[in-house]
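Thanks for coming. I will take one structure this morning and go through a few places in it, with the confidence values at the end.

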Amino acid sequence: MRARGRRLFNRSLGGNMLIYSFLMLLGVIMVLPMVYAVSSAFKPLNEMWIFPPRFFVQNPTGDNFSSLFGALGESYVPFTRYLFNTVCISVIGTAGHVVISSLCAYPLAKHRFIGSKVIFHMIVMSLMFTSVATGLANYLILSKLGWIDSYLAILIPGFGGSLGLYLMKQFMESNVPDSILESARIDGAAEWRIFWRIVMPIVKPAWLTLIIFSFNGFWSMGGNAYIYNENLKTLNYAISQIVSGGLARAGAGAAASVLMMIPPILIFVITQSNIVETMASSGMKE
Amino acid sequence: MKSKGSRKLLNYRGRRNLMGYFFCAPFILGFVLLFATAFAKSFGFSFNEVITDMNGYSLEYKGLEYYHYALFVDPEFVRAIVGSISGLAKDLIIILIYSLFIAVLLNNPMPGKTLFRAIFFLPVITTIGVIATLELRDSMTQAAMDTTSQSVSMLTGAEDLDLFSYIESLLSAIKISPSMTNVIFEAVNGIYHIITHSGIQIIIFFAGLQSISPSIYEAAMVEGCGRWEQFWKITLPLVSPLIMVNVVWTVVDYFINPTNEVMQKISSRFGSGEYSLSSAMSFINFAVMGVFVAVLLFVVNKFIFYENK
């Protein structure tokens with residue numbers, strides 16, 4: 001805490017003002033579309049089509065939200081089912097992705113074993129391949145496995161995102177001191193224990209970041225080619241169906257986009273406030 | 001791995017290898033099963049014509065025909081690839097510098113830090129998240145009903161258009177010439193593009209900055225090191241491994257983004273059932289991108305500092 005106070009104190013007042021106003025300016029650019037989206041969500045339908053468009057809402061109304069929930073309530077599958085699907089996929093998918101990519105990243109970063117370089121290069125290369133082209137082949141494989149029309153078709157491929165692995169590997173390589181691992185090994189800790197008790201706490205900022213990405217990705221998952229059963233489809237898919245209902249649904253669409261933004265933002269704020277400055281090397285006395 | 005028998009059979013190095021494979025097993029299993037197989041299959045498709053029928057599909061060998069078509073016959077494909085590479089080269093450096101800059105600024109202790117961070121995180125949601133997918137799907141219906149340009153205003157991603165037209169009418173109201181406003185808009189549009197594409201990079205740099213121990217800065221300050229020097233001598237070297245991640249992410253994000261011209265060509269071919277051609281195009285795109293990334297990583301790797309090596 002002392003260091004923090006001093007760092008702030010070190011800079012001149014003018015410098016602070018300059019940085020603040022710069023951030024404010026950029027912040028405003030980024031917030032404007034968001035403000036517009038929120039204000040549109042409260043616009044009555046007739047106000048939505050005014051030309052030129054008004055930035056702020058004149059007569060705020062909650063109609064859009066009620067029409068959204070009305071539309072969701074009329075759907076063939078209950079709204080809560082879509083919500084359950086999305087939450088389920090987001091939570092399980094994120095947890096699996098973080099654990100599996102960290103598990104794989106640890107030996108790649110900290111142990112040179114036969115073939116580790118090859119595995120790593122393969123993974124980086126796979127990042128660059130588009131999933132569009134493999135779509136057909138993917139479908140064939142998933143159907144052979146019998147995963148079509150089940151969560152597995154979304155979850156299992158989602159577990160193995162290469163970017164997460166790459167991030168974790170890079171992080172472990174630069175932040176986990178070899179000497180901590182060595183002393184743990186001398187004290188008789190097994191690798192499994194070292195991984196969970198030493199490596200993971202040190203790279204906490206990395207996996208909290210990974211949670212943000214991964215959750216955002218799963219949460220925004222729309223309809224895809226592997227799921228046909230209406231009971232298994234996601235909230236995002238349901239909402240995009242409602243939105244595509246045309247002009248009359250424009251208000252509901254604006255309301256939906258605002259509501260759907262909330263969970264990723266919440267996850268972001270929660271994870272960010274959980275990151276305390278880690279003391280990667282604080283245990284070390286050289 | 002832990003049983004006594006294997007401990008006797010394997011020496012230290014052997015156990016170490018086994019441990020590595022054990023930790024990587026879930027990932028590699030999925031990788032081979034889902035990615036490598038699909039990859040190999042599509043590679044096969046790119047040399048064959050895929051004929052679908054009631055019982056599935058059959059293949060007819062065509063050799064390099066599809067590659068030849070993509071590279072020499074299709075008038076737009078090569079141009080699209082060249083265009084995307086030159087566009088990327090321009091953006092990449094600006095995005096990296098901008099995102100590191102913002103991350104360093106936002107990492108400073110100051111009131112309202114979390115709020116600022118959340119604001120800078122917003123583009124991640126709007127560009128790769130929910131809004132983007134909603135908007136993408138909607139753009140199809142829009143094309144049909146887009147008689148009034150107003151229907152664009154429905155979802156956030158397209159919002160800037162309205163915002164611009166709003167500002168434009170404002171500027172013309174105070175008698176600023178259209179050519180002048182065009183210059184302003186191009187600049188603003190460029191900024192907006194960079195800002196919306198740097199969200200993830202900023203967060204990755206955050207993670208790097210947060211894991212730098214404050215005691216290093218304290219020691220530097222005791223030695224009389226100013227903030228400028230601190231940045232170049234401490235912050236930059238310690239976050240440099242993440243520059244690699246960000247380079248890879250930026251390139252991949254750019255090339256694989258559905259709005260990329262090359263990707264649009266590939267998906268439209270795929271959508272119209274020309275699986276072989278779209279595979280061949282993907283592999284060409286993949287090869288080009290692979291070479292691009294390899295060169296970049298080779299260069300960037302020279303400047304990276306690994307603390308524990």
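Let me begin with one residue: is A:Asp149 buried, partly exposed or exposed? This is a predicted model, so the answer is computed from predicted coordinates. A:Asp149 has 15 other C-beta atoms within 10 Å, so A:Asp149 is partly exposed; the buried class would need 20 or more. The residue sits in the loop that links helix 7, residues 135-145, to helix 8, residues 152-159, of chain A. I picked A:Asp149 for its backbone: phi is positive, about 65°, and the residue is not a glycine.

Now chain A as a whole. Its secondary structure consists of 14 helices and zero strands, so the order of elements from the N terminus is just α repeated. Chain A has 286 residues, and 43% of them count as buried. If you take the contacts in chain A with a separation of 6 or more, 75% are between residues 24 or more positions apart.

Next, helix packing. Two packed helices are described by the angle between their axes and the distance between the axes. In chain A, I will use helix 5, residues 79-110, and helix 12, residues 204-219. Their axes are 9 Å apart, and the packing angle is about 140°. Helix 5 and helix 12 of chain A are therefore oblique to each other; roughly antiparallel would take an angle over 145 degrees. The crossing of helix 5 of chain A past helix 12 of chain A is right-handed.

Which residues meet there? On the helix 5 side of chain A they are A:Thr86, A:Ile89, A:Ser90, A:Gly93, A:Thr94, A:His97, A:Val98 and A:Ser102. From helix 12 of chain A come A:Trp207, A:Leu210, A:Ile211, A:Ser214, A:Phe215, A:Phe218 and A:Trp219. By class, this contact of helix 5 with helix 12 in chain A has eight nonpolar residues, seven polar and no charged.

Chain B has a pair to set beside that one. Helix 11, residues 227-256, and helix 13, residues 275-301, of chain B pack with their axes 10 Å apart and an angle of about 160°. That angle makes helix 11 of chain B roughly antiparallel to helix 13 of chain B. Here too the crossing of helix 11 past helix 13 in chain B is right-handed. Helix 11 of chain B brings B:Ile243, B:Met244, B:Val247, B:Val248, B:Val251 and B:Phe255 to the contact. Among the residues they meet in helix 13 of chain B are B:Met289, B:Phe292, B:Leu296 and B:Val300. The contact of helix 11 with helix 13 in chain B divides into twelve nonpolar residues, one polar and no charged.

One residue takes us across to the other chain. B:Ala38 lies in helix 2, residues 12-45, of chain B. With 23 other C-beta atoms within 10 Å, B:Ala38 is buried. B:Ala38 touches A:Thr134, A:Ala137, A:Asn138 and A:Ile141.

Last, confidence. The mean pLDDT of chain A is 77, with 84% of its residues at 70 or more. Among the elements of chain A, helix 5 has the highest mean pLDDT, 89, and helix 1, residues 2-10, the lowest, 46. Residues 1-9 of chain A have pLDDT below 50, and that stretch makes six contacts in the model beyond near neighbours in sequence. Residues 277-283 of chain A also stay under 50, and for them the model has 17 contacts beyond four places in sequence.

Conventions. Residues are numbered from 1 along each chain as its sequence is written. Chains are lettered from A and ligands numbered from 1 in the order in which they are written. This is a predicted model: local features need pLDDT of at least 70, side-chain atom pairs count only at pLDDT 80 or more; totals for chains, interfaces and linings use all residues. Helices (H or I, at least four residues) and strands (E, at least two) are DSSP runs, numbered from the N terminus. A residue is buried if 20 or more other C-beta atoms lie within 10 Å of its own, exposed if 12 or fewer, and partly exposed in between; C-beta atoms are placed from the backbone. Two residues are in contact if their C-beta atoms, placed from the backbone, lie within 7 Å. Axes are lines fitted to C-alpha atoms, for helices over the stretch in contact, and angles run from 0 to 180 degrees between N-to-C directions. Angles under 35 degrees count as roughly parallel, over 145 as roughly antiparallel, 65 to 115 as roughly perpendicular and the rest as oblique. A crossing is left-handed if the near helix is turned anticlockwise from the far one by less than a right angle, and right-handed if clockwise. Ala, Val, Leu, Ile, Met, Phe, Trp, Tyr, Cys and Pro count as nonpolar, Asp, Glu, Lys and Arg as charged, and the others, Gly among them, as polar. pLDDT is the predictor's confidence in each residue, from 0 to 100.
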